[in-house]
Amino acid sequence: MALSRRVLLGHLAATGAAGTALTAAAPPARAAEPATGGGRRVHTGFERLAADGYRLLDGRRVGIVTNPTGITRTAEHIVDVLHADDRVRLTAVFGPEHGFRGTAQAGGSEGRYDDPATGLPVYDTYNKSGKELAAVFTASGVDTVVFDIQDVGARFYTYIWTLYDCMVAAVLAGKSFVVLDRPNPVTGRFATGPVLDKAYASFIGREPISQAHGMTVLELALLFNGEFVPAAAGRPVELETVRMTGWRRGDFYDATGLPWVPPSPNMPTPDTALVYAGTCLFEGTNLSEGRGTTRPFELLGADGIDRRWAAAANELGLPGVHFREAYFAPTFSKFQGKTIGGVQLHVHDREAYDPVRTGIALLVTAKRVWDGFAWRPDNGIDRLTGSSTVRKMIDAGAEPDEIVAAWQADLAEFRAVRARCLRYPSPRS
């Protein structure tokens, strides 16, 4: 018998700005914890907030936007921690896509319910923005909205647009906003890929940022507040931020010493995040992007593809990655239950690897070796890449490097804006 979402949650509970404030509001954490492999301790924004006795939230009615990734170093959920602490007046939780406790698949949410573990009201933010979302904040009775969600570094991952929508809604509802930072799991070394054309804006890209942005959520919040929120809401949000300590732009997630929780059902490991900014483009095609396998976004394929695709991709000599001929049968999504052929990505040098260039190269070679290749009928690829340029150039027979060259001017402009919002040292610092 299938359990309803709320029954499942109950079972789990039973068992188990007038302006922008751009500086961190809490001092470094004081707890003695293991150092990372590089000899540095990485402390999240939440850790620093807690180490300071939650002074930033003193006297406020707090609501928090979070999901299963909002955990402590010891894997306790921050909502459970805050709810049990008399120093914080936590009165509401706001769930994004997939839900606060993470029970919904892609394109779904948990709806409005009372959390069985804490009794707190959980409000649904998914597919809500503007005045509709502002009304949710007003109905909750909070005066401060806190954001703490693990991102994966790609423009089309919806949590950063939940951040943006919540910032705009906070202005409209007269709420202050606090962002607690977490690492970009694929580093913050560089921004790459095409920049969104506003004509193609959607929930997988509201504003013109690059496909792989190379920023943390705190840095994105600063960017949004400086560049985009005033136009959408009439003025910036009253923004306060709490930085991490110990994180550097060149750090991959395994250098942080922090536990990994899948931010969404098809993001099981940091390895998935490493390739996602490029291979998620296959959602805009009739090929499987590996959903329904144990290696989503690392396995790609379709019925009728054979060894020629891996061979063609390897001939390009792309840096940092090899491609293996692979066969798999997805348990859900495209080609459910059918054995199909394709490739598996094996990243052997993640410093050299460029996920977006790799994703473009795989699209080009797939179209050349498989006569069944097709774009999704709604041209969803255009929303993923941020314009129709990539699709049209691939259809015209362009080489991968020609396509990459086409977005460099826009990317250079974005990088200049991005640079003003970066708050962590570079790998050479």
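Contact here means heavy atoms within 4.5 Å. With that in hand, a good place to start in this predicted model is helix α4, which spans residues 130–140. The buried residues of α4 pack against quite a list of partners: the strands β2 (61–66), β3 (89–95), β5 (121–124) and β6 (144–148), plus the helix α5 (159–173). The residues in question are Leu133, Ala134, Val136, Phe137 and Ser140. They sit on the same side of α4, because the arc they cover around the axis is only 150 degrees. Turn to the face pointing away from that buried side, and the exposed residues Lys131 and Ala139 come into view. Just past the end of α4, Gly141 adopts a positive phi of about 80 degrees.

Next, the aromatic rings. Searching the whole structure turns up 16 aromatic pairs. Take Tyr126 and Phe203: their ring centres are 5.8 Å apart and their planes meet at 55 degrees, so this pair counts as tilted. Tyr126 belongs to the loop between β5 and α4, while Phe203 belongs to the loop between β8 (192–195) and β9 (210–212), so the pair ties together parts that lie 77 residues apart in sequence. Tyr126 and Phe203 are both buried. Tyr157 and Tyr159, on the other hand, pair edge-to-face, with 5.2 Å from centre to centre and 85 degrees between the planes. Both of these tyrosines, Tyr157 and Tyr159, are buried as well. They also belong to one aromatic cluster, together with Phe156, Tyr276 and Phe297.

Arginines turn up over rings too. Arg350 lies over the face of Phe252, 4.1 Å from the ring centre, and Arg243 does likewise with Tyr424, at 5.1 Å from the ring centre.

That leaves the nonpolar interior. The largest nonpolar core has 105 residues, and the members touching the most others are Leu163, Phe177 and Trp309. Helix α5 gives the most to this core, with 12 residues. As for Leu163, setting aside neighbours within four places in sequence, its contacts are Phe147, Phe177, Val179, Val217, Leu220, Ala221 and Phe224. Another core lies apart from this one; it has 21 residues, including Leu82, Leu90, Leu120 and Val178.

Notes. Residues are numbered from 1 along each chain as its sequence is written. This is a predicted model: local features need pLDDT of at least 70, side-chain atom pairs count only at pLDDT 80 or more; totals for chains, interfaces and linings use all residues. Side-chain values use heavy atoms; hydrogens and water are left out. Buried means under 20% relative accessible area, exposed over 50%, partly exposed in between (1.4 Å probe, protein chains only). Helices (H or I, at least four residues) and strands (E, at least two) are DSSP runs, numbered from the N terminus. The arc is that of the directions from the helix axis to the C-beta atoms. Rings of Phe, Tyr and Trp (its six-membered ring) pair if their centres lie within 6.5 Å; planes under 30 degrees apart count as stacked, over 60 as edge-to-face and the rest as tilted. A charge sits over a ring if NZ of Lys or CZ of Arg is within 6 Å of the ring centre and within 35 degrees of the ring normal. A nonpolar core is a set of buried Ala, Val, Leu, Ile, Met, Phe, Trp, Tyr and Cys residues joined through side-chain atoms within 4.5 Å.
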